[in-house]
Amino acid sequence: MLQFTKYFILLFLFTATGSFAQNPTINIGINTKNPGSRLTVNGSVAGDYKIITGNAVLGYTDYYTAYNGNANAMLHLPPAGWGSLKGRVYAIKNTSNYMLTVIAPAQETISGTANMSSVMVPPGYYAKLISRGTVTGSTWELLAIMDGNTTSEAVKKVLDHSFGMDRAAYPISPTTFSVPNNNPVLLPESQKMFTMPVADIIFLNVAVGLADLTSPKVFSKSPYYRCDLVINGIVVSHLFQIAQQQYVGSSLQFNISGAYYLSAGSHSIRLNITRWNDDGHTGAQQFVVLSVVYDGAYLD
(Lines give C-alpha, C1' and ligand atoms only; values in the text may rest on other atoms or scores of the structure.)
Protein backbone atom coordinates (compact mmCIF):
# COMPACT_ATOMS: atom_id res chain seq x y z
CA MET A 1 0.00 0.00 0.00
CA LEU A 2 2.89 2.40 0.82
CA GLN A 3 4.56 1.80 -2.56
CA PHE A 4 1.25 2.39 -4.35
CA THR A 5 0.82 5.70 -2.50
CA LYS A 6 4.30 6.92 -3.54
CA TYR A 7 3.62 5.93 -7.14
CA PHE A 8 0.28 7.79 -7.14
CA ILE A 9 1.87 11.00 -5.76
CA LEU A 10 4.64 10.98 -8.40
CA LEU A 11 2.10 10.34 -11.16
CA PHE A 12 -0.06 13.22 -9.91
CA LEU A 13 2.89 15.66 -9.88
CA PHE A 14 3.97 14.65 -13.38
CA THR A 15 0.44 15.02 -14.76
CA ALA A 16 -0.17 18.38 -13.02
CA THR A 17 2.99 20.05 -14.31
CA GLY A 18 3.07 18.47 -17.74
CA SER A 19 6.88 18.81 -17.72
CA PHE A 20 7.98 17.60 -14.31
CA ALA A 21 11.27 16.16 -15.48
CA GLN A 22 12.11 18.16 -18.60
CA ASN A 23 11.34 21.85 -17.76
CA PRO A 24 12.27 23.40 -14.38
CA THR A 25 10.58 26.68 -15.40
CA ILE A 26 6.86 26.18 -14.87
CA ASN A 27 4.45 28.70 -16.38
CA ILE A 28 1.26 29.47 -14.51
CA GLY A 29 -1.98 30.30 -16.25
CA ILE A 30 -5.17 31.82 -14.85
CA ASN A 31 -8.23 31.08 -16.98
CA THR A 32 -5.98 29.64 -19.71
CA LYS A 33 -4.73 26.11 -20.42
CA ASN A 34 -1.54 27.04 -22.28
CA PRO A 35 0.30 29.89 -20.51
CA GLY A 36 3.11 31.26 -22.64
CA SER A 37 4.74 33.30 -19.87
CA ARG A 38 5.70 32.66 -16.26
CA LEU A 39 2.29 34.14 -15.37
CA THR A 40 -0.49 34.46 -17.97
CA VAL A 41 -3.82 35.97 -17.00
CA ASN A 42 -6.75 35.64 -19.41
CA GLY A 43 -8.85 38.39 -17.89
CA SER A 44 -8.60 41.58 -15.86
CA VAL A 45 -5.97 42.36 -13.22
CA ALA A 46 -6.63 44.42 -10.06
CA GLY A 47 -4.21 46.22 -7.75
CA ASP A 48 -4.64 48.02 -4.45
CA TYR A 49 -6.11 51.55 -4.73
CA LYS A 50 -5.61 53.99 -1.87
CA ILE A 51 -6.34 57.70 -1.32
CA ILE A 52 -4.24 59.64 1.21
CA THR A 53 -4.69 63.21 2.48
CA GLY A 54 -1.40 63.78 4.34
CA ASN A 55 2.17 62.57 4.76
CA ALA A 56 2.44 58.80 4.39
CA VAL A 57 4.84 55.85 3.98
CA LEU A 58 4.21 53.35 1.18
CA GLY A 59 3.98 49.74 2.35
CA TYR A 60 4.04 46.19 1.03
CA THR A 61 0.35 46.10 0.06
CA ASP A 62 0.31 49.45 -1.78
CA TYR A 63 0.23 49.78 -5.55
CA TYR A 64 -1.74 52.84 -6.72
CA THR A 65 -1.80 55.82 -4.35
CA ALA A 66 -3.65 59.09 -4.99
CA TYR A 67 -2.84 62.17 -2.91
CA ASN A 68 -5.82 64.49 -2.35
CA GLY A 69 -4.83 66.66 0.64
CA ASN A 70 -5.12 70.36 1.43
CA ALA A 71 -1.39 71.17 1.81
CA ASN A 72 2.02 70.17 0.45
CA ALA A 73 2.81 66.61 1.49
CA MET A 74 5.57 63.99 1.55
CA LEU A 75 5.20 60.37 0.47
CA HIS A 76 8.06 58.14 1.67
CA LEU A 77 9.22 55.07 -0.25
CA PRO A 78 9.88 51.98 1.91
CA PRO A 79 13.50 51.27 2.85
CA ALA A 80 15.22 48.55 0.83
CA GLY A 81 16.24 46.93 4.11
CA TRP A 82 12.66 45.71 4.56
CA GLY A 83 13.50 42.78 2.30
CA SER A 84 13.60 41.87 -1.35
CA LEU A 85 11.67 44.60 -3.15
CA LYS A 86 13.12 43.95 -6.60
CA GLY A 87 10.54 44.72 -9.28
CA ARG A 88 8.02 46.30 -6.90
CA VAL A 89 6.09 49.04 -8.74
CA TYR A 90 4.36 52.06 -7.22
CA ALA A 91 1.99 54.29 -9.17
CA ILE A 92 1.38 57.71 -7.60
CA LYS A 93 -1.08 60.42 -8.71
CA ASN A 94 -1.28 63.92 -7.25
CA THR A 95 -4.99 64.79 -7.47
CA SER A 96 -4.65 67.80 -5.15
CA ASN A 97 -3.84 71.45 -5.82
CA TYR A 98 -0.62 71.20 -3.81
CA MET A 99 2.88 69.81 -4.30
CA LEU A 100 3.62 66.16 -3.48
CA THR A 101 7.21 65.07 -2.80
CA VAL A 102 8.12 61.39 -3.17
CA ILE A 103 11.12 60.77 -0.93
CA ALA A 104 13.68 57.96 -0.96
CA PRO A 105 14.74 56.48 2.40
CA ALA A 106 17.86 57.84 4.12
CA GLN A 107 21.09 56.80 2.37
CA GLU A 108 19.08 55.72 -0.71
CA THR A 109 18.30 57.57 -3.94
CA ILE A 110 15.96 57.54 -6.93
CA SER A 111 17.51 57.16 -10.38
CA GLY A 112 16.14 59.63 -12.93
CA THR A 113 18.34 61.85 -15.08
CA ALA A 114 20.60 61.67 -12.00
CA ASN A 115 20.48 60.10 -8.55
CA MET A 116 17.94 62.14 -6.57
CA SER A 117 16.87 62.05 -2.94
CA SER A 118 13.30 62.94 -3.91
CA VAL A 119 10.96 63.54 -6.85
CA MET A 120 8.42 66.36 -7.05
CA VAL A 121 4.96 65.41 -8.37
CA PRO A 122 3.05 68.62 -9.28
CA PRO A 123 -0.75 68.88 -9.10
CA GLY A 124 -2.39 66.74 -11.76
CA TYR A 125 0.77 64.72 -12.45
CA TYR A 126 1.41 61.00 -12.16
CA ALA A 127 4.67 59.20 -11.27
CA LYS A 128 5.66 55.56 -11.57
CA LEU A 129 8.65 53.99 -9.83
CA ILE A 130 10.18 50.51 -9.65
CA SER A 131 12.56 48.97 -7.13
CA ARG A 132 15.94 47.94 -8.54
CA GLY A 133 16.37 45.29 -5.87
CA THR A 134 19.52 46.91 -4.47
CA VAL A 135 19.81 47.78 -0.78
CA THR A 136 22.08 50.85 -0.92
CA GLY A 137 22.65 53.80 -3.23
CA SER A 138 20.21 54.12 -6.12
CA THR A 139 17.53 51.66 -4.98
CA TRP A 140 14.53 53.06 -6.93
CA GLU A 141 14.15 53.97 -10.60
CA LEU A 142 11.82 56.64 -11.93
CA LEU A 143 9.97 55.11 -14.87
CA ALA A 144 7.90 58.15 -15.81
CA ILE A 145 6.41 61.45 -14.73
CA MET A 146 3.30 62.29 -16.70
CA ASP A 147 0.68 64.95 -16.87
CA GLY A 148 -2.49 63.12 -15.93
CA ASN A 149 -4.28 64.71 -18.87
CA THR A 150 -1.64 64.51 -21.59
CA THR A 151 1.48 62.51 -22.35
CA SER A 152 4.73 61.43 -20.74
CA GLU A 153 7.00 64.22 -19.52
CA ALA A 154 10.79 64.29 -19.87
CA VAL A 155 12.83 65.41 -16.87
CA LYS A 156 15.34 68.06 -18.00
CA LYS A 157 18.34 68.75 -15.76
CA VAL A 158 19.36 72.43 -15.52
CA LEU A 159 21.28 72.49 -12.22
CA ASP A 160 23.74 69.84 -11.12
CA HIS A 161 26.39 71.09 -8.70
CA SER A 162 28.27 69.36 -5.91
CA PHE A 163 31.08 70.42 -3.63
CA GLY A 164 32.92 68.15 -1.21
CA MET A 165 35.79 69.32 0.96
CA ASP A 166 39.09 67.50 0.51
CA ARG A 167 39.55 65.32 3.59
CA ALA A 168 43.26 66.14 3.61
CA ALA A 169 42.41 69.85 4.09
CA TYR A 170 40.26 69.38 7.19
CA PRO A 171 39.97 71.35 9.44
CA ILE A 172 41.93 74.10 7.64
CA SER A 173 39.89 75.13 4.63
CA PRO A 174 38.88 78.26 2.69
CA THR A 175 35.30 77.21 3.39
CA THR A 176 35.51 78.09 7.10
CA PHE A 177 33.15 80.88 8.17
CA SER A 178 31.75 82.45 11.32
CA VAL A 179 28.06 82.69 12.30
CA PRO A 180 27.13 85.41 14.81
CA ASN A 181 23.69 85.92 16.34
CA ASN A 182 20.70 86.71 14.10
CA ASN A 183 22.65 87.89 11.03
CA PRO A 184 22.43 85.87 7.78
CA VAL A 185 25.80 84.67 6.47
CA LEU A 186 26.60 83.56 2.93
CA LEU A 187 27.46 79.86 2.85
CA PRO A 188 30.82 79.39 1.08
CA GLU A 189 30.75 77.22 -2.08
CA SER A 190 27.01 77.73 -2.45
CA GLN A 191 27.05 80.44 -5.14
CA LYS A 192 26.17 79.06 -8.56
CA MET A 193 24.83 80.29 -11.93
CA PHE A 194 22.54 78.20 -14.14
CA THR A 195 20.34 78.70 -17.20
CA MET A 196 16.67 77.89 -17.74
CA PRO A 197 16.06 77.31 -21.47
CA VAL A 198 12.33 77.99 -21.02
CA ALA A 199 10.09 79.67 -18.49
CA ASP A 200 8.90 76.88 -16.20
CA ILE A 201 8.77 75.46 -12.67
CA ILE A 202 12.13 74.17 -11.46
CA PHE A 203 12.15 71.33 -8.92
CA LEU A 204 15.03 71.74 -6.50
CA ASN A 205 16.80 69.44 -4.05
CA VAL A 206 19.57 70.87 -1.85
CA ALA A 207 21.79 69.10 0.69
CA VAL A 208 24.36 70.78 2.96
CA GLY A 209 26.79 69.34 5.51
CA LEU A 210 28.65 71.51 8.05
CA ALA A 211 31.20 70.76 10.75
CA ASP A 212 31.39 73.02 13.82
CA LEU A 213 34.97 73.95 14.76
CA THR A 214 33.92 76.02 17.80
CA SER A 215 36.19 75.41 20.78
CA PRO A 216 35.57 74.62 23.51
CA LYS A 217 32.49 72.55 22.76
CA VAL A 218 29.46 73.48 24.88
CA PHE A 219 27.41 70.36 25.51
CA SER A 220 24.74 72.21 27.49
CA LYS A 221 23.67 74.47 24.59
CA SER A 222 21.76 73.38 21.48
CA PRO A 223 21.11 76.37 19.20
CA TYR A 224 18.86 76.28 16.12
CA TYR A 225 20.09 77.21 12.64
CA ARG A 226 18.13 78.22 9.56
CA CYS A 227 19.30 77.60 5.98
CA ASP A 228 17.57 79.75 3.30
CA LEU A 229 17.69 79.33 -0.46
CA VAL A 230 18.34 82.62 -2.29
CA ILE A 231 17.54 82.83 -6.02
CA ASN A 232 18.45 85.95 -8.01
CA GLY A 233 19.16 87.77 -4.75
CA ILE A 234 15.69 87.04 -3.32
CA VAL A 235 15.16 84.81 -0.30
CA VAL A 236 12.62 82.17 -1.39
CA SER A 237 10.16 82.15 1.49
CA HIS A 238 9.10 78.50 1.19
CA LEU A 239 12.51 76.96 0.49
CA PHE A 240 14.31 76.74 3.81
CA GLN A 241 14.99 74.37 6.70
CA ILE A 242 15.52 74.92 10.42
CA ALA A 243 17.71 72.36 12.19
CA GLN A 244 18.76 72.10 15.82
CA GLN A 245 22.39 71.50 16.64
CA GLN A 246 22.88 68.66 19.12
CA TYR A 247 25.39 70.80 21.02
CA VAL A 248 27.81 73.63 20.24
CA GLY A 249 30.62 71.85 18.40
CA SER A 250 28.49 69.14 16.71
CA SER A 251 27.84 68.85 12.96
CA LEU A 252 24.81 70.22 11.10
CA GLN A 253 22.91 68.94 8.08
CA PHE A 254 20.25 70.65 5.94
CA ASN A 255 18.00 69.18 3.22
CA ILE A 256 15.76 71.53 1.24
CA SER A 257 13.31 70.42 -1.44
CA GLY A 258 10.64 72.32 -3.34
CA ALA A 259 9.48 74.01 -6.54
CA TYR A 260 9.93 77.56 -7.83
CA TYR A 261 8.82 79.26 -11.06
CA LEU A 262 11.62 80.85 -13.12
CA SER A 263 11.73 82.78 -16.37
CA ALA A 264 13.92 81.69 -19.26
CA GLY A 265 17.51 82.86 -18.99
CA SER A 266 20.39 82.98 -16.53
CA HIS A 267 19.79 82.73 -12.76
CA SER A 268 21.88 82.83 -9.61
CA ILE A 269 21.48 80.63 -6.56
CA ARG A 270 23.10 80.65 -3.11
CA LEU A 271 22.45 79.73 0.52
CA ASN A 272 22.27 81.87 3.65
CA ILE A 273 22.85 80.51 7.17
CA THR A 274 21.37 82.18 10.27
CA ARG A 275 21.56 81.19 13.92
CA TRP A 276 17.82 81.11 14.49
CA ASN A 277 17.83 80.62 18.25
CA ASP A 278 21.06 80.76 20.29
CA ASP A 279 19.77 78.74 23.31
CA GLY A 280 21.76 81.10 25.53
CA HIS A 281 25.05 80.68 23.62
CA THR A 282 25.87 84.21 22.43
CA GLY A 283 29.39 83.67 21.09
CA ALA A 284 30.09 83.36 17.37
CA GLN A 285 30.57 79.82 16.07
CA GLN A 286 33.12 78.68 13.50
CA PHE A 287 31.96 76.27 10.82
CA VAL A 288 33.56 74.55 7.82
CA VAL A 289 31.58 73.46 4.75
CA LEU A 290 31.86 69.71 4.23
CA SER A 291 29.50 69.45 1.26
CA VAL A 292 26.99 71.36 -0.86
CA VAL A 293 24.80 69.59 -3.43
CA TYR A 294 22.31 71.23 -5.83
CA ASP A 295 19.93 69.25 -8.04
CA GLY A 296 17.47 71.15 -10.26
CA ALA A 297 15.22 69.98 -13.08
CA TYR A 298 12.04 70.88 -14.95
CA LEU A 299 9.49 68.84 -16.90
CA ASP A 300 9.52 69.27 -20.66
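In which strand does Asn 205 lie? I began my notebook with this residue, and I kept in mind throughout that the model is a predicted one.

**Entry 1: Asn 205**

I found Asn 205 in strand β19, which covers residues 200-212. I then looked up its accessibility, and with a relative accessible area of 8% Asn 205 counts as buried, because the cut-off for that word is under 20%. Its side chain makes a polar contact with the side chain of Ser 118, at 2.5 Å. When I left aside the neighbours within four places in sequence, I noted that Asn 205 is in contact with Ser 117, Ser 118, Ile 256, Ser 257, Val 293, Tyr 294 and Asp 295. The last residue in that list, Asp 295, led me to the next entry.

**Entry 2: salt bridges**

I recorded that side chains of opposite charge can pair when their charged atoms come close. How many salt bridges does the structure hold? The search gave four, and I wrote down three of them in detail, beginning with Asp 295.

Asp 295 forms a salt bridge with Lys 157, and the closest N and O atoms are 2.0 Å apart. This pair links distant parts of the chain, since Asp 295 sits in strand β24 (residues 285-299) and Lys 157 in strand β15 (residues 155-164), 138 residues apart. I checked both partners for accessibility: Asp 295 counts as buried at 8%, whereas Lys 157 is partly exposed at 27%.

Next I looked at Asp 62, which forms a salt bridge with Lys 50, with 2.9 Å between the closest N and O atoms. Here Asp 62 belongs to the loop between β4 (56-57) and β5 (64-67), while Lys 50 is in strand β3 (residues 49-52), and the two are 12 residues apart. Is Asp 62 buried or exposed? At 8% relative accessibility Asp 62 is buried, and Lys 50, with a relative accessible area of 27%, is partly exposed.

**Entry 3: Arg 226**

I then turned to the salt bridge in which the side chains of Asp 228 and Arg 226 meet, at 3.0 Å from N to O. In this case I noted that both Asp 228 and Arg 226 are buried. Over the faces of which rings does Arg 226 lie? I found Arg 226 over the face of Phe 240, at 3.8 Å from the ring centre, and also over the face of Trp 276, at 4.7 Å from the ring centre.

**Entry 4: aromatic pairs**

A search of the whole structure finds five aromatic pairs, and I followed up those that involve Phe 287. Phe 177 and Phe 287 form a stacked pair, with 6.0 Å from centre to centre and 25° between the planes. Phe 177 lies in strand β16 (residues 176-179) and Phe 287 in strand β24, so I wrote the pair down as a link between distant parts of the chain, 110 residues apart.

Tyr 225 and Phe 287, by contrast, form an edge-to-face pair, at 5.3 Å centre to centre and with 80° between the planes. Tyr 225 is in strand β20 (residues 224-231), and 62 residues separate it from Phe 287 in strand β24.

I looked up the accessibility of each ring-bearing residue as well: Phe 177 counts as buried at 7%, Phe 287 is buried at 1%, and Tyr 225 is buried at 0%. To close the entry, I noted that Phe 177, Tyr 225 and Phe 287 form one aromatic cluster.

Technical notes. Residues are numbered from 1 along each chain as its sequence is written. This is a predicted model: local features need pLDDT of at least 70, side-chain atom pairs count only at pLDDT 80 or more; totals for chains, interfaces and linings use all residues. Side-chain values use heavy atoms; hydrogens and water are left out. Helices (H or I, at least four residues) and strands (E, at least two) are DSSP runs, numbered from the N terminus. Buried means under 20% relative accessible area, exposed over 50%, partly exposed in between (1.4 Å probe, protein chains only). Rings of Phe, Tyr and Trp (its six-membered ring) pair if their centres lie within 6.5 Å; planes under 30 degrees apart count as stacked, over 60 as edge-to-face and the rest as tilted. A charge sits over a ring if NZ of Lys or CZ of Arg is within 6 Å of the ring centre and within 35 degrees of the ring normal. A polar contact is a pair of N or O atoms within 3.5 Å; within protein, one must be able to donate a hydrogen and the other to accept it, and residues adjacent in sequence count only if both atoms are side-chain atoms. Contact means heavy atoms within 4.5 Å.
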